[in-house]
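I opened the model today to look up how its strands are arranged, and afterwards what its cysteines do. These are my notes, in the order in which I checked things.

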Amino acid sequence: MTQYFWFFGSCLTILTDHTTTGGQYDLIEGYFPPGSQTPLHCHTRYSEQLYVLEGEFTIWAGENKVLLNTGESCLIPVGIPHVVAVIGDRPAHGLVIAAPSAFARLIAVVGTQEKAETPDMALFDRISAEIGDEILGPPGTLPSATTP
């Protein structure tokens, strides 16, 4: 059963999670508005792969900057600090695969059913810690800015 959630301004649909994959991976479809950007973060227990269905994503992963267009993908290994952004005035549509399963839990617990609802940040912090996510800087911080 698919479930959609608003997650910090993006609409994310959980297509499959630990309940159907035996914990092997999550598959999430996302619609990301223009100007959206994740904070600098890393996943310590799962990798993340982004596949672009429509639009463009810019990814800063470690010291690399990658521009992804429709039909392209990028794998972000465990432990790599990264930022994912939609730069420009067009939205982007993509698929996210998190392996093993973890990210869908964060979305399902913290995401909201209404776009205007504000997520519970204490709950976000707690679930992020439980699944091994680390926030490394506020939105706008890039991985290269944290490298000595």
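I began with the sheet, which is open and has six strands in the order β1-β2-β3-β10-β5-β8, with antiparallel pairing. Its edge strands are β1 and β8 (73-76), each of which pairs on one side only. On average, neighbouring strands of this sheet are turned by 25° against each other, direction ignored. For my own reference, strands (E, at least two residues) and helices (H or I, at least four) are DSSP runs numbered from the N terminus, and two strands pair if DSSP finds at least two bridges between them. I reminded myself that strands of a sheet pair through backbone hydrogen bonds, either parallel or antiparallel.

I must keep in mind that this is a predicted model, in which local features need pLDDT of at least 70 and side-chain atom pairs count only at pLDDT 80 or more, while totals for chains, interfaces and linings use all residues. Residues are numbered from 1 along each chain as its sequence is written, and side-chain values use heavy atoms, with hydrogens and water left out.

Next I looked up helix α2 (residues 103-110), which packs on the sheet and touches β1, β2, β3 (26-32) and β10 (92-99), where contact means heavy atoms within 4.5 Å. The direction of α2 makes about 75° with that of β1; axes are lines fitted to C-alpha atoms, for helices over the stretch in contact, and angles run from 0 to 180 degrees between N-to-C directions.

At one edge, I found five bridges joining β1 (residues 3-7) to the antiparallel β2 (residues 10-16). Phenylalanine 7 has serine 10 in β2 as its bridge partner. The two strands form a hairpin with two residues between them, and phenylalanine 8 in the turn has a positive phi of about 55°.

At the other edge, β5 (residues 47-54) and β8 pair in the antiparallel sense over four bridges, and glutamate 48 stands opposite isoleucine 76 in β8. Is serine 47, in the same strand β5, buried or exposed? Serine 47 counts as buried, because its relative accessibility is 18% (buried is under 20%, exposed over 50%, partly exposed in between, with a 1.4 Å probe and protein chains only).

Finally, how many disulfides are there? The count is zero, a disulfide being a pair of cysteine sulfur atoms within 2.5 Å. Cysteine 42 has no such bond because its sulfur is 15 Å from the closest cysteine sulfur, in cysteine 74, which is too far. Cysteine 42 is buried at 6% relative accessible area, and cysteine 74 is buried at 12%.
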